[in-house]
Amino acid sequence: MTELRIFRAGEQEREAAFRIVEEYNQAVNVVVRDSPESFAKDYFQAGAGFWLAQAGKQFVGCIALRRLHTHQQAGEIKRLYVRPEYRGSGAAGALLDALERYAESSGYWWLYLDSKDDLQAALRFYRRHGYEPCEPYNRNPQATIFMRKAVHPQANPRQSTG
């Protein structure tokens, strides 16, 4: 398999990044979708980001981070996706690791995510990486599972961040 490159997308990759998010939306039947404008606003600004996994000239995976305005020093993970033929390659772990390092260096103490209970492989992946169940933090109509992880050494998992 071709070597993977993980990097934070810039403006020049924004259209390609949006296309892979559309592929993700189709794969997991996302109802509430980003528009090109909201995608740019949420993920292409300071303190946010969109990471791509690239194999050769092809983008094969992605993950996104945006500020979580309802909680202090917190971000929300969105859109983790790896194309089926690259699953098991380590791309998901590398994408999550890049996002977590950026989040901590950007001052985040917590990372939150929501998912659906039918995405069992994704839920196992997040549990293996230290994410634990938490109370709902948003009103996503499709979300049935909510998780969080402390990414700053001084974050107290028993303390509310709201």
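Seven strands make up an open sheet in this predicted model. Reading across the sheet, the order is β1-β2-β3-β4-β5-β7-β6, and the pairing is mixed. At the edges stand β1 (4-8) and β6 (132-133); each has a single partner strand, so one side of each has no neighbour in the sheet. Let's walk through the sheet, then the helices, the cores and a few residues worth a look.

**How the strands pair up**

- As background, strands in a sheet pair through hydrogen bonds of the backbone, and they can do so in a parallel or antiparallel way.
- Take β2 (residues 49-55) and β3 (residues 58-67): this pair is antiparallel and is held over 7 bridges.
- Within that pair, Trp51 has Ile63 of β3 as its bridge partner.
- Further along, β5 and β7 (residues 145-150) also run antiparallel, joined by 6 bridges.
- Here Leu113 is matched with Met147 in β7.
- β7 is joined to β6 as well, with 2 bridges and an antiparallel run.
- Met147 turns up again in this part of the sheet, since Pro133 stands opposite Met147 in β7.

**Helices lying on the sheet**

- α1 (14-28) lies across β2, β3 and β4 (74-82), and runs at about 75° to β4.
- α2 (36-43) lies across β2, β3 and β4 too, at about 70° to β3.
- Which residues of α2 are buried? They are Phe39, Ala40, Asp42 and Tyr43.
- The cover over those buried α2 residues includes α1, β2, β3 and β4.

**A closer look at α3**

- How does the length of α3 compare with what 1.5 Å a residue predicts? Its 15 residues should span 21 Å, and the end C-alpha atoms are 21 Å apart, so the two agree.
- The buried residues of α3 are Ala91, Leu95, Leu96, Ala98, Leu99, Glu100, Tyr102 and Ala103.
- A handy rule for reading such a list: an α-helix has 3.6 residues a turn, so residues three or four places apart point the same way.
- After α3 comes Gly107, with a positive phi near 95°.

**Two nonpolar cores**

- The largest nonpolar core has 26 residues, and the ones with the most contacts inside it are Trp51, Ile63, Leu65, Ile77, Leu111, Tyr126 and Tyr131.
- β2, β3, β4, α3 (91-105), β5 (110-115) and α4 (120-128) each supply at least two residues of this core.
- Which element gives the most to this core? That's α3, with 7 residues.
- Apart from this core lies another, of 19 residues, including Val21, Tyr43, Cys62 and Tyr81.
- Back to Tyr126: if you skip residues up to four places away in sequence, Tyr126 touches Ile77, Leu80, Leu96, Leu113, Tyr131 and Met147.

**Asp34 and Arg79**

- Where is Asp34? You'll find Asp34 in the loop between α1 and α2.
- Although Asp34 sits in a loop, Asp34 counts as buried because its relative accessibility is 9%, and the cut-off for buried is under 20%.
- Setting aside neighbours within four places in sequence, Asp34 is in contact with Phe18, Val21, Glu22, Phe39, Asp42, Tyr43 and Arg79.
- Val21 is 13 residues from Asp34 in sequence, and their C-alpha atoms are 8.6 Å apart in space.
- With Arg79, the side chain of Asp34 makes a polar contact, side chain to side chain, at 3.3 Å.
- Arg79 itself is in strand β4, and its relative accessibility of 10% means that Arg79 counts as buried.

**Positive phi values to spot**

- Most residues other than glycine have a negative phi.
- Arg79 has a positive phi, near 60°, and is not a glycine.
- Gln73 is another non-glycine residue with a positive phi, near 50°.
- Gln73 belongs to the loop between β3 and β4.
- Is Gln73 buried or partly exposed? Gln73 is partly exposed, because its relative accessible area is 42%.

**Ser115 in β5**

- Ser115 is part of strand β5 and counts as buried, at 8% relative accessibility.
- Leaving out neighbours within four places in sequence, the contacts of Ser115 are Leu123, Gln142, Ala143, Thr144 and Ile145.

Notes: Residues are numbered from 1 along each chain as its sequence is written. This is a predicted model: local features need pLDDT of at least 70, side-chain atom pairs count only at pLDDT 80 or more; totals for chains, interfaces and linings use all residues. Side-chain values use heavy atoms; hydrogens and water are left out. Helices (H or I, at least four residues) and strands (E, at least two) are DSSP runs, numbered from the N terminus. Buried means under 20% relative accessible area, exposed over 50%, partly exposed in between (1.4 Å probe, protein chains only). Contact means heavy atoms within 4.5 Å. A polar contact is a pair of N or O atoms within 3.5 Å; within protein, one must be able to donate a hydrogen and the other to accept it, and residues adjacent in sequence count only if both atoms are side-chain atoms. Two strands pair if DSSP finds at least two bridges between them. Axes are lines fitted to C-alpha atoms, for helices over the stretch in contact, and angles run from 0 to 180 degrees between N-to-C directions. A nonpolar core is a set of buried Ala, Val, Leu, Ile, Met, Phe, Trp, Tyr and Cys residues joined through side-chain atoms within 4.5 Å. The expected span of a helix is 1.5 Å times one less than its number of residues.
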